Every structure is written in structure tokens, then in C-alpha cells.
Amino acid sequence: MNKKKRKAKRELTKAYKERMNRQQTHNLLVEVFSDPVFQKGIEAMVNNCSQNFRELAKIFEKWRV
């Protein structure tokens, strides 16, 4: 009986730790994504990626014709 109780408590503690870890990770992500410097960096990467895709489309268009 005591063994079952210990196991149940251990599982409960493990679930609690996992839940707290997820919450901390979520809070960290919210903090990072709300940072204006990070937002500018993401915006620059997206713009760069879009430009690369446009250039790639032009190359394929020339190749196709």
C-alpha cells in the first residue's frame, strides 16, 4: 500500500513539474516575442525570405520559357 502511495505522489509531482516547466516556457516565449528588437529581427527575416522567393520565381520563370 505504501509503495502505491509513493508511486502516486511521485507521478503527481512529475506532472506538476512538467506543467510548471510548460508554463515557464510559455511565459519566456511571450516575453521574447513581445520584445521590439526580436520583432524587428523576425520582420527582417520574413522580408528577406519573401525577396528570395520572388527572385527564385523569376529564375524559374526564365527557365520555363
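1. Phe38 is partly exposed in this predicted model. Its relative accessible area is 29%. That value falls between the 20% and 50% limits, so Phe38 is neither buried nor exposed.

2. Phe38 has an aromatic partner, Phe33. The two rings meet edge-to-face. Their centres are 4.9 Å apart, with 85° between the planes. Phe33 is also partly exposed, because its relative accessibility is 47%.

3. The whole structure holds two aromatic pairs. Beside Phe33 and Phe38, Phe60 pairs with Trp63. This pair is edge-to-face as well. Here the centre-to-centre distance is 6.4 Å and the angle between planes is 75°.

4. The spacing of Phe60 and Trp63 follows from helix H2. They are three residues apart in that helix, so about one helical turn separates them. Trp63 counts as exposed, because its relative accessibility is 70%.

5. Phe60 and Trp63 also belong to a nonpolar surface patch. Phe53, Leu56 and Ile59 complete the patch, which covers about 630 Å². Ile59 sits in helix H2, residues 36-64. Ile59 has 53% relative accessibility and therefore counts as exposed; the cut-off is over 50%.

6. A positive surface patch deserves its own point. Lys3, Arg6, Lys7 and Arg10 form this patch. Arg6 is part of helix H1, which spans residues 2-33.

Terms used
Residues are numbered from 1 along each chain as its sequence is written. This is a predicted model: local features need pLDDT of at least 70, side-chain atom pairs count only at pLDDT 80 or more; totals for chains, interfaces and linings use all residues. Side-chain values use heavy atoms; hydrogens and water are left out. Patches are made of residues with over 30% relative accessible area and no salt bridge: like charges are joined within 9 Å, nonpolar side chains (Val, Leu, Ile, Met, Phe, Trp, Tyr) within 5 Å. Accessible areas come from the Shrake-Rupley method with a 1.4 Å probe; for residues, only the protein chains shown count as cover. A salt bridge is a side-chain nitrogen of Lys or Arg within 4 Å of a carboxyl oxygen of Asp or Glu. Lys and Arg count as positive and Asp and Glu as negative; His and the chain ends are not counted. The place of a charge is taken as NZ of Lys, CZ of Arg, CG of Asp or CD of Glu. Helices (H or I, at least four residues) and strands (E, at least two) are DSSP runs, numbered from the N terminus. Buried means under 20% relative accessible area, exposed over 50%, partly exposed in between (1.4 Å probe, protein chains only). Rings of Phe, Tyr and Trp (its six-membered ring) pair if their centres lie within 6.5 Å; planes under 30 degrees apart count as stacked, over 60 as edge-to-face and the rest as tilted.
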